[in-house]
Amino acid sequence: MSAIQDAVFNGPGPDRVYQEYLGKGELRIQRCGDCGKQVFYPRLTCTGCGSIKLAWVCPSGRGTVYAVSIVNRRTEKGGPYNVVLVDLAEGARMMGRVDGVDNEQVKIGMAVKAKIDSSGKAPFVVFDPA
Amino acid sequence: MPNSIRGAAAIVGASLAGLGEAPGRTSEDIAIEASYKALAEAGLTTQDVDAVFGSLPGDCTPLSGLLMAEIMGIRPKFTDNNRTGGSTFLSYTLMAAMALKEGLCDTALIFYGSNQRSNTGKLVSSVRPFLYEAFYNPVFPATSYALAASRHMHQYGTTREQLASVAVAARQWANMNPEAFMRGPLSVSDVLNSRMVSSPFTVRDCCLVTDGGAALVMVSAKRAKDFPKKPVYLLGAAAATTHMNIMAMADLTETAAKDSGQRAFQMAGMKPADVDVVELYDAFTINAILFLEDLGFCKKGEGGSFVASGAIAPGGSLPVNTNGGGLSCVHPGMYGMFTLVEGVRQLRGECGERQVKNAQVALCHGNGGVLSSQITNILGSEATL
């Protein structure tokens, strides 16, 4: 037990590890070694069973839009954009944005695929229609 | 066995202050005006208070329980600054009832004040952007609620017109409340054709940004009849939380109100059919639909047709948000307190044109965060003890 605790509670925390993976172009989420639940956002303890045996895994990146809202930003500030919640195929849910399609075409139930947007200060995940 | 908290404490003073716009005044000024008036209604002054519960906007820096006690010259035996968002006041009543019942204090003051409209013109929140949502620029908090509305519409066929009918009912009540900030005609098409904020919400699906404050005075049931006003008893209270950020809410169509409501009803020994008037936190139009379903006033998925039937409007079968709610009466950032004051006034029979006839039981429901914290209070007149 103490060896496991050392590994989990020492060194960079889960936010840092997640960002480092994204910086290398990899989307990683955590999977619980005890109950199997996939967890997002990054954490130290499993939200399903409380275990600390969360391991970094590569999700398929495939997901389904669970909910959507279009923010009516003024044209001079860049115009409207969409905000979605996506259920990854493996079970975890992320907030995101669907690119490459008109906002009005973003519908609940549509299939999407994750990609990493590295255009800003820090890389983050967005989605394309799948 | 009946729960020992049921009816153990009562509200003997209730007041509003600074409703709408209160230029030149601090949040503390507004909260103190409300406190002074609530105490005066009970024949008391700040010097009688020995327990303080309350919140001010952006509460991280000025520990408001300490600040307010200092300004008013109170040395409380019990101070609570618990923050669960705008629902938090409905947990103060429960904590106060417990402390009063146990004799830890004698006179509890619950306060709130906010000058957000005059000071900044927008919502003042102590919530910071969440790292894993901030990249997508959701409008806080409207987009989070809009996502829930989109899911409810998808899953149950709820329509924008049904959402709008919540705002229309609120306005009809506000038109009978001289203290309401927004009055005048409002139709479903007015709501639909207002400026879109975050779909499916237009600005009229969203609560107001106003100033305002409120205060309550609570004492133990033993003393409750020693005051000028009819006491209003806390019959049931329960809290539940499911998440902080909307991405962590498991099912966007079902809130923790289901849990808080069940336990509050259990404590009160009551059921939804026993409730005469409902005051719930309508930060957005979807809130009323979700909470009416989750609290058991209609079935899951039927909230849209329930509100569109006129049931919650004046003359309907279930009076909801009789002051005009956060949508048309007042919303200084944390509306929960106003559900309680309106509930108290209805049970005292002080509501004039909007008075619900022979109201004996009021259900007040607070929401905090982004559908995150749900707290239910059931209030009753002496006849319900």
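**Strands, a helix pair and a chain contact, term by term**

Q: What is the bridge partner of Gln30(A) in β2(A)?
A: That's Val39(A). Before going on: residues are numbered from 1 along each chain as its sequence is written, while chains are lettered from A and ligands numbered from 1 in the order in which they are written. This is a predicted model, where local features need pLDDT of at least 70 and side-chain atom pairs count only at pLDDT 80 or more, though totals for chains, interfaces and linings use all residues.

Q: How do you know that strand β1 of chain A pairs with β2(A)?
A: Pairing takes at least two bridges found by DSSP between two strands. Strand β1 (residues 29-32) and β2(A) are joined by two bridges and run antiparallel, so they meet that cut-off.

Q: What makes β2 and β3 of chain A edge strands?
A: Each pairs on one side only. They belong to an open sheet of three strands in the order β2-β1-β3 (chain A), with antiparallel pairing. The edge strands span 38-39 for β2 and 54-57 for β3.

Q: Which elements count in chain A, and in what order do they run?
A: Going from the N terminus, you get α-α-β-β-β-β-β-β-β-β, that is, two helices and eight strands. These are DSSP runs numbered from the N terminus: helices are H or I with at least four residues, strands E with at least two.

Q: How many bridges join β7(A) to strand β8 of chain A?
A: Six, and β7(A) runs antiparallel to β8 (residues 124-129). Ile116(A) stands opposite Val125(A) in β8(A). The two strands form a hairpin with six residues between them. Strand β7 (residues 111-117) also pairs with β4 (residues 62-71) of chain A, antiparallel, over three bridges; there, Arg62(A) has Lys113(A) as its bridge partner.

Q: Why are α3(B) and α13(B) called parallel, perpendicular or oblique to each other?
A: Their angle is about 60°, with the axes 7 Å apart. Axes are lines fitted to C-alpha atoms, for helices over the stretch in contact, and angles run from 0 to 180 degrees between N-to-C directions. Under 35 degrees is roughly parallel, over 145 roughly antiparallel, 65 to 115 roughly perpendicular and the rest oblique. The two helices are therefore oblique. Phe89(B), Leu90(B) and Thr93(B) of α3(B) meet Gly336(B), Met337(B) and Leu340(B) of α13(B).

Q: Why does Met247(B) count as buried or exposed?
A: Buried means 20 or more other C-beta atoms within 10 Å of the residue's own, exposed 12 or fewer, and partly exposed in between, with C-beta atoms placed from the backbone. Met247(B) has 26 such neighbours, so it's buried. Its place is in the loop between β8 (232-241) and α9 (257-268) of chain B.

Q: What does Met247(B) touch, not counting residues up to four places away in sequence?
A: Its contacts are Leu85(A), Arg93(A), Met94(A), Met95(A), Tyr132(B) and Glu133(B). A contact means C-beta atoms, placed from the backbone, within 7 Å. Tyr132(B) is 115 residues apart from Met247(B) in sequence, but 8.8 Å apart in space, C-alpha to C-alpha.

Q: How many residues does each chain give to the contact between them?
A: Chain B gives 20 and chain A 18. On the side of chain B, α5 (131-134), α6 (142-156) and β5 (196-198) give two or more residues, and α6(B) has the largest share, six residues.

Key: Two residues are in contact if their C-beta atoms, placed from the backbone, lie within 7 Å.
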